[in-house]
Amino acid sequence: MKIVADENIPLLHNFFGDVGDIETYPGRALTNECVMGADILLVRSVTQVNETLLAGSNVKFVGTCTIGTDHIDTAYLQSKGITFSSAPGCNATSVVEYVISTLSVLSEVRQIDLSDITVGVVGCGNVGSRVVSTLKRLGLKVLANDPLVDQTEMVSFEEILKCDIISLHTPLTKEGDYPTYHLFDENTLAKLTEQQVLINTGRGAVIDGEALKQKLKKQPRFTAVLDVWETEPNVDIELAGLVTIGTPHIAGYSLDGKVKGTEMIYQALCRHLGLPLRHQVAQFIPSPPLSRMHFTSEAEQAWSMHTAIRTVYDVRHDHYNLMNTLQGTEQQRVQAFDQLRKQYRPRREFSTIKVFLKNTDSAMHSMFKALGFNVKSA
Ligand SMILES: NC(=O)c1ccc[n+]([C@@H]2O[C@H](COP(=O)([O-])OP(=O)(O)OC[C@H]3O[C@@H](n4cnc5c(N)ncnc54)[C@H](O)[C@@H]3O)[C@@H](O)[C@H]2O)c1
Ligand SMILES: O=C(O)[C@H](O)[C@H](O)COP(=O)(O)O
């Protein structure tokens with residue numbers, strides 16, 4: 001059994017080493033020649049999986065260790081009887097914690113009182129629905145828009161455009177009744193005031209990058225937070241210099257989330273091949289370096305929340321790292337972007353961190369639970 005895989009799949013050999021012979025390639029460099037003779041193809045979001053890649057090959061199973069599937073021609077796979085699996089929800093918690101860290105940082109750098117604003121979430125699937133529930137449990141006012149789910153709790157897109165902070169969690173789609181490609185085009189962006197905030201952790205092309213750049217030039221105090229870029233891996237340097245926070249598509253890159261994607265595809269492949277499950281993530285993951293925090297004073301609830309969030313994950317680290325790579329030739333910047341993602345020092349999710357509190361029925365206790373920390377009584 002021959003497996004061809006993206007080199008950026010964590011624990012690839014641990015999970016799949018006893019399933020077949022593995023050949024790895026940089027995800028963007030996978031070609032039709034690479035997959036010739038392969039039975040199984042394992043990718044991430046940077047590999048376009050379509051007829052160009054697979055024609056003439058013997059591939060019978062394709063797995064993407066990611067949530068997004070806009071890089072996969074699923075209709076072609078189906079037409080060829082090729083089994084396909086993605087990893088829905090695998091790194092949703094990681095993205096939620098990216099959004100939480102972003103809100104914590106913006107509350108400081110933009111002097112935003114989070115108790116006094118409304119957050120609008122566009123796309124209420126695995127990620128968006130958890131962003132909504134988490135922020136609501138933290139006491140924030142949250143509205144949600146998603147035309148493809150039960151509308152009971154949804155508001156119109158126009159309502160969302162009035163929110164103080166807008167967070168995008170849709171796939172990138174160009175067909176269907178509600179395509180998301182350039183959903184935030186020049187006209188939509190023009191409806192947003194300079195006081196508003198737009199966060200995109202979905203797919204870059206949901207926002208027209210050129211239109212956003214022009215808006216930021218005219219309204220430099222408009223707050224844009226981009227983890228995904230329409231032109232990635234060739235990030236527009238001018239746009240990057242204008243956003244408040246810019247990161248190299250790592251919102252889903254917690255260690256826990258990234259390896260969960262691998263595990264989910266391993267499980268799907270075992271089902272496809274009728275093999276028993278021999279491996280699970282717990283075998284391979286180290287305990288978190290920072291495993292516990294103690295908060296004795298419960299008077300400083302806001303301080304302790306921001307301290308806990310930023311101690312575990314401060315999104316400005318990733319902003320700083322990206323901004324420092326955006327130099328040199330286009331080729332050098334593209335290589336640096338991919339290298340930054342490949343060498344990403346994965347953060348641990350809040351649930352791996354114990355928080356000890358004296359009083360376990362306090363507002364502070366509820367807050368840390370809502371954030372997803374593992375709360376214990378001191
Ligand atoms: N930045 C990252 O590292 C990262 C990590 C994970 C996921 N993502 C991206 O985020 C997207 C969402 O992730 P998910 O797990 O929530 O996916 P999901 O499929 O569970 O949910 C997506 C939701 O978007 C909704 N939607 C589709 N078109 C819409 C539109 N025009 N307007 C409003 N809502 C619309 C769908 O109905 C669905 O409920 C993924 O498709 C992926 O592209 C990025
Ligand atoms: O779709 C996803 O799961 C996320 O966008 C994820 O961050 C993609 O990671 P990549 O495949 O680009 O390494």
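**Exercise 1. Ligand 2 and its polar partners**

Task: Find which polar backbone atom is 2.7 Å from an oxygen atom of ligand 2. Then describe the rest of the site.

Solution.
- Step 1. Start at the backbone. A polar backbone atom of Ile-67 is 2.7 Å from an oxygen atom of ligand 2. This is a predicted model, and every distance here is computed from it.
- Step 2. Go to the side chains. Asn-91 places a polar side-chain atom 3.0 Å from an oxygen atom of ligand 2. Arg-203 does so at 2.7 Å.
- Step 3. Check the cover. Ligand 2 alone exposes 360 Å². The protein buries 95% of that area.
- Step 4. List the surroundings. Around ligand 2 are Asn-8, Arg-44, Ser-45, Thr-66, Ile-67, Gly-68, Asn-91, Arg-203, His-249, Tyr-253 and Arg-341.

**Exercise 2. His-249 and Gln-111**

Task: Two residues have positive phi without being glycine, Gln-111 and His-249. Decide for each: buried or exposed?

Solution.
- Step 1. Recall the background. Most residues other than glycine have a negative phi.
- Step 2. Take His-249. Its phi is about 55°. His-249 sits in the loop between strand 11 (245-246) and helix 11 (255-273).
- Step 3. Apply the cut-off. Buried means under 20% relative accessible area. His-249 has 12%, so it is buried. His-249 is also one of the residues around ligand 2.
- Step 4. Take Gln-111. Its phi is near 50°. The loop between helix 5 and strand 6 (118-122) holds Gln-111.
- Step 5. Apply the other cut-off. Exposed means over 50%. Gln-111 has 68% relative accessibility, so it counts as exposed.

**Exercise 3. The surroundings of ligand 1**

Task: How many residues surround ligand 1, and which are the closest? Add the polar contacts.

Solution.
- Step 1. Count. The shell of ligand 1 has 29 residues. The closest are Asn-126, Val-127, Asp-146, Asp-227 and Gly-252.
- Step 2. Find the main contributor. Helix 6 (residues 126-137) gives the most to this shell, three residues.
- Step 3. Look at the backbone atoms. A polar backbone atom of Asn-126 is 2.9 Å from an oxygen atom of ligand 1. For Gly-125, a polar backbone atom is 3.5 Å from an oxygen atom of ligand 1. For Thr-201, the partner is a nitrogen atom of ligand 1, at 2.9 Å.
- Step 4. Check the cover. Ligand 1 has 850 Å² of accessible area on its own, and the protein covers 87% of it.

**Exercise 4. The annotated positions**

Task: Where does UniProt place the feature "binding site"? Examine Thr-170 and Gly-252.

Solution.
- Step 1. Read the record. The unreviewed UniProt entry gives Asp-146, Thr-170, Asp-227 and Gly-252. The closest residues to ligand 1 include Asp-146, Asp-227 and Gly-252.
- Step 2. Place Thr-170. It lies in the loop between strand 8 (165-168) and helix 8 (186-190). Its relative accessible area is 13%, so Thr-170 is buried.
- Step 3. List its contacts. Beyond four places in sequence, Thr-170 touches Val-122, Gly-123, Thr-180, Gly-202, Arg-203 and Val-206. Of these, Arg-203 has the polar contact to ligand 2 given in Exercise 1.
- Step 4. Place Gly-252. It lies in the loop between strand 11 and helix 11. At 12% relative accessibility, Gly-252 counts as buried.
- Step 5. List its contacts. Beyond four places in sequence, Gly-252 is in contact with Asn-91, Ser-94, Val-95, Gly-257 and Lys-258.

**Exercise 5. The largest nonpolar core**

Task: Which residues touch the most other members of the largest nonpolar core? Trace the contacts of Phe-373 and Val-355.

Solution.
- Step 1. Name the hubs. The core has 50 residues, and Phe-368, Leu-371 and Phe-373 touch the most other members. Helix 5 (residues 92-109) supplies the largest share, nine residues.
- Step 2. Follow Phe-373. Beyond four places in sequence, its contacts include Met-293, Phe-350, Val-355 and Phe-368.
- Step 3. Turn to Val-355. It sits in strand 13 (residues 354-357). Its relative accessibility is 0%, so Val-355 counts as buried.
- Step 4. Compare sequence and space. Val-355 and Met-293 are 62 residues apart along the chain. Their C-alpha atoms are separated by 4.8 Å.

Terms used
Residues numbered from 1 in each chain as written. Chains lettered and ligands numbered in written order. Predicted model: local features only at pLDDT ≥ 70, side-chain atom pairs only at ≥ 80, totals over all residues. Heavy atoms only, no water. Core = buried A, V, L, I, M, F, W, Y, C linked by side-chain atoms within 4.5 Å. Buried < 20%, exposed > 50% of the residue type's maximum accessible area, 1.4 Å probe, protein only. Helix = DSSP H or I, 4+ residues; strand = E, 2+ residues; numbered from the N terminus. Contact = heavy atoms within 4.5 Å. Near = heavy atom within 4 Å. Polar contact = N/O pair within 3.5 Å; in protein donor to acceptor, adjacent residues only side chain to side chain. Areas by Shrake-Rupley, 256 points an atom, 1.4 Å probe, with all protein chains shown as cover. UniProt positions renumbered as here; feature names shortened; annotations may be inferred.
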